[in-house]
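Trainee: I'm new to this one. Could you take me through a single part of it, slowly, and then show me where that part sits in the whole?

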Amino acid sequence: HISDKPTLYPNALNSDPVATMASAAAATTTLMLKNIPREHVAHHLLEQVEMCVGAGCVDFVYVPWNAAEGGNQGFAFVNFVSPDAAARGSACLATITWPGLKTNR
């Protein structure tokens with residue numbers, strides 16, 4: 001399952017943590033994707049994300065690599081150019097089945 005909701009920590013000084021979290025979610029541009037196929041490299045992930053939100057909507061992709069095992073570590077970070085693009089990406093990526101896998105991730 002891909003994480004479609006970022007973990008947000010409200011400002012301890014704010015008396016309304018729900019409003020703070022809603023405000024932070026509205027400004028979120030970075031998503032952490034979990035359980036991606038180990039053979040995916042950054043450009044594979046970027047292609048998949050761009051199929052969801054369109055070319056030019058992503059400005060950074062980080063896929064940590066495990067050299068000892070010859071694959072990624074099963075998660076990645078994707079930064080979108082706007083909160084709207086991140087919301088569209090989140091909604092789309094939560095429903096995809098990764099190529100070569102039989103289950104949704």
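**A close look at the disulfide**

Mentor: Sure, let's start with the bond itself: Cys52 and Cys92 are joined by a disulfide, with an S to S distance of 2.2 Å. Cys52 belongs to helix 2 (residues 42-53) and Cys92 to helix 3 (residues 83-93), so to speak two distant parts of the chain, 40 residues apart, linked by the pair. Keep in mind that this is a predicted model, and that the count of disulfides here comes to one.

Now look along the S-S bond. The torsion about it is about -65° for Cys52 and Cys92, and that is why the disulfide is left-handed. As for cover, Cys92 has 23% relative accessibility, so it counts as partly exposed; buried would need a value under 20%. Another cysteine, Cys57, does fall in the buried class, because its relative accessible area is 13%.

Let's step back to the whole chain. The protein has three helices and five strands, and along the sequence they run α-β-α-β-β-β-β-α. Of the contacts with a separation of 6 or more, 60% are between residues 24 or more positions apart.

What about the surface? About 6200 Å² of the protein is exposed, with 57% of that supplied by carbon and sulfur atoms, while 30% of the 105 residues are buried. One spot to find on your screen is a nonpolar surface patch of about 300 Å², made by Phe60, Tyr62 and Phe77. Phe60 lies in strand 2 (residues 58-62).

Notes. Residues are numbered from 1 along each chain as its sequence is written. This is a predicted model: local features need pLDDT of at least 70, side-chain atom pairs count only at pLDDT 80 or more; totals for chains, interfaces and linings use all residues. Side-chain values use heavy atoms; hydrogens and water are left out. Patches are made of residues with over 30% relative accessible area and no salt bridge: like charges are joined within 9 Å, nonpolar side chains (Val, Leu, Ile, Met, Phe, Trp, Tyr) within 5 Å. Accessible areas come from the Shrake-Rupley method with a 1.4 Å probe; for residues, only the protein chains shown count as cover. A salt bridge is a side-chain nitrogen of Lys or Arg within 4 Å of a carboxyl oxygen of Asp or Glu. Helices (H or I, at least four residues) and strands (E, at least two) are DSSP runs, numbered from the N terminus. A disulfide is a pair of cysteine sulfur atoms within 2.5 Å. Buried means under 20% relative accessible area, exposed over 50%, partly exposed in between (1.4 Å probe, protein chains only). Contact means heavy atoms within 4.5 Å.
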